[in-house]
Amino acid sequence: MKISKPAQNRFSIDLPLPKKSNPSSEMKASVKLSVITQFFPPDYAATGQLIEELTKSLGFEGVDVEVFTGQPGYAFGDSHAPAREEVGRVRIQRTRATNIWYQRIRGKTLGGVLFTIRAILHLLRHGSRYNILLLTTAPPFLPIVGYLVHIFYRIPYVCILYDLYPDIAIALNVVQKNHWLAKFWQGLNKRIWRKASGIIVLSPAMKQRVTGICPEISEKISVIHSWGNPEIVKPIAKKDNWFAKKYDLNNKFTVLYSGNMGRCHDVDTILDTAKFLKDEPIQFLCIGAGAKRKQLMEEIERLKLNNFLFLPYQNKQVLPYSLTACDLSLVSVDKGFESLVAPSKLYPALATGRPVAVICPQTSYLKQLIADGKCGSTFENGDSEGLAKFIQYLEQNRNLAKKMGIRAREYMESHFSSKVIAKQYLEVLYQAKK
């Protein structure tokens, strides 16, 4: 394959600048926050990991936080965690889990419904202890809890929209756009959003999408990106990394995809890229699970490709080593989902000090983000040849890869660290409480 220097991105959008805020200690102490999310460590679900980092950072900022969550559903052999736990200024209360058919969509839906009911009952009993609620979309219909508690106690609430439903279900052809369930869900969303004191979305495209559905709430929508923790994930040279040694990754240029391989992610472009590079000294490493993992494994086996290694999700203590056991990180969003999801895996990948290659549609905000950080490159869905050339180019230009990695780390620390993002959340919470 002829190797040429990858073309620069020519796509430009305006990304929101981080909000500047400096609430006083009295303001911070006045926030009595209840965070409602089904997933929280020891679960390894991404939403739970993010919320743990956020609540710790808010606690360090002087905010009293209580987390109402469920027992582990995705943990590493731990089916039970303490019902009550306290870490600094963060109190954690876990309700019992519902693990019936948990590997199936119906079972997960049932578990989400039961958790939502328990959250409503919990807040109806103890709602007077808080003066603001923060709710995730895990499960997707959880924000209804904020709406109902607001009616009973007049407590303001803020919704974090990690994923947009029913839009994702419609895009996946799980339900038709004109189906009564989709219309009912969208109508319920509008009612919840209108009553909310704040809406947090993860990308400019998601804000556009929500504003298009419900224009009157535009002013209360804040774009706050996901984040990484530079204190936990630090650059480690592969030669000094026990994880890289354990899986014999030191002698090959390693391309890592770590995280969920779900229905909204593009694995086809990754597969086709591996075909182009099957005879090169390049190793693909996939760590995680998801709906498309089995499909990808079956294709790798059918094609008899020997440049792929699959590993399960790693324990949190292993992540600083598994994430840095590579030379390049991959992130992907499938076509049609650019305004519906925002990949949280990007930000820890930046923290590793490695360059990043992102597969995404032409209209994705990720193109501008990577261009601004000068920390990698982006490729349209299906451009496996372009991605393969980029991987080869970095494999043969290690100094360039190293410089991109340094810029990635600097970019994350200045824009997307948990400390930076926590201050943006605190500003939204304080404004919502007024």
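Helix 15 (residues 398-415) supplies the largest share of the lining of the second largest pocket, namely seven residues, and the pocket as a whole is lined by 19 residues. The model described here is a predicted one, and its protein has 16 helices and 14 strands. Of the 434 residues in the protein, 56% are buried, and 74% of the contacts with a separation of 6 or more link residues that are 24 or more positions apart.

**The second largest pocket**

- About 470 Å³ of space lies in this second largest pocket, and the lining residues that lie nearest its centre are Ala 237, Asp 327, Arg 354, Arg 398 and Lys 402.
- Sorted by class, the lining of the second largest pocket comprises eight nonpolar, four polar and seven charged residues.

**The second largest cavity**

- The whole structure contains three cavities of 30 Å³ or more, and the second largest cavity holds about 80 Å³ of space.
- The residues that line the second largest cavity include Thr 137, Pro 140, Pro 143, Leu 161 and Asp 163, together with Leu 164, Tyr 165, Trp 185, Asn 189 and Trp 193.
- Helix 6 (residues 180-195) gives the largest share of the lining of the second largest cavity, with three residues, and by class this lining has seven nonpolar, two polar and one charged residues.

**The sheet of eight strands**

- An open sheet of eight strands is arranged in the order 3-4-2-1-5-6-7-8, and its pairing is mixed.
- Strand 3 (84-87) and strand 8 (221-223) are the edge strands of this sheet, each of them pairing on one side only, and neighbouring strands are turned against each other by 20 degrees on average, direction ignored.
- Strand 1 (residues 32-36) is joined to strand 2 (residues 64-70) by five bridges, the two running parallel, and strand 1 also pairs with strand 5 in the parallel sense over four bridges.
- Leu 33 can be followed in both directions across the sheet, since its bridge partner in strand 2 is Val 65, while in strand 5 Leu 33 stands opposite Ile 132.
- Strand 5 is in turn joined by three bridges to strand 6 (residues 157-161), again with the strands running parallel, and here Leu 135 stands opposite Cys 159 in strand 6.
- In a regular strand, side chains alternate between the two faces of the sheet.
- Strand 5 (residues 132-135) is covered on both faces, with Ile 132 and Leu 134 buried on one side and Leu 133 and Leu 135 buried on the other.
- Helix 4 (residues 144-153) lies across strand 5 and strand 6 and runs at about 165 degrees to strand 5.
- Helix 16 (residues 418-433) lies across strand 1, strand 5, strand 6, strand 7 (198-201) and strand 8, and runs at about 135 degrees to strand 5.

**The sheet of six strands**

- A further open sheet has six strands in the order 11-10-9-12-13-14, with parallel pairing, and its edge strands, each pairing on one side only, are strand 11 (308-311) and strand 14 (376-379).
- Neighbouring strands of this six-stranded sheet are turned by 20 degrees against each other on average, when direction is ignored.
- Strand 12 (residues 328-332) and strand 13 (residues 356-359) run parallel and are joined by four bridges, and the bridge partner of Leu 330 in strand 13 is Ala 357.
- Helix 9 (residues 268-276) packs on this sheet and touches strand 9 (253-258), strand 10 (282-287), strand 11, strand 12 and strand 13, its direction making about 155 degrees with that of strand 10.
- Helix 13 (residues 365-373) also packs on the sheet, where it touches strand 13 and strand 14, and its direction makes about 160 degrees with that of strand 14.

**Two aspartates in loops**

- Asp 279 is found in the loop between helix 9 and strand 10, and it counts as exposed because its relative accessibility is 68%, where exposed means over 50%.
- The C-alpha atom of Asp 279 is separated by 8.5 Å from that of Asn 307, although the two residues are 28 residues apart along the chain.
- Asp 334 lies in the loop between strand 12 and helix 12 (346-351), and its relative accessible area of 18% is why this residue counts as buried, the cut-off being under 20%.
- Apart from its neighbours within four places in sequence, Asp 334 is in contact with Arg 263, Cys 264, His 265, Asp 266, Lys 292, Pro 361 and Asn 381.

Conventions
Residues numbered from 1 in each chain as written. Predicted model: local features only at pLDDT ≥ 70, side-chain atom pairs only at ≥ 80, totals over all residues. Heavy atoms only, no water. 1 Å grid on protein atoms, 1.4 Å probe; cavity = no way out; pocket = protein on both sides within 12 Å on 5 of 7 lines; lining within 4 Å. Points joined across faces, edges and corners; volume = space filled by probe spheres on them. Nonpolar A, V, L, I, M, F, W, Y, C, P; charged D, E, K, R; others polar. Pairing = 2+ DSSP bridges. Axes fitted to C-alpha atoms, helices over the stretch in contact; angles between N-to-C directions. Contact = heavy atoms within 4.5 Å. Buried < 20%, exposed > 50% of the residue type's maximum accessible area, 1.4 Å probe, protein only.
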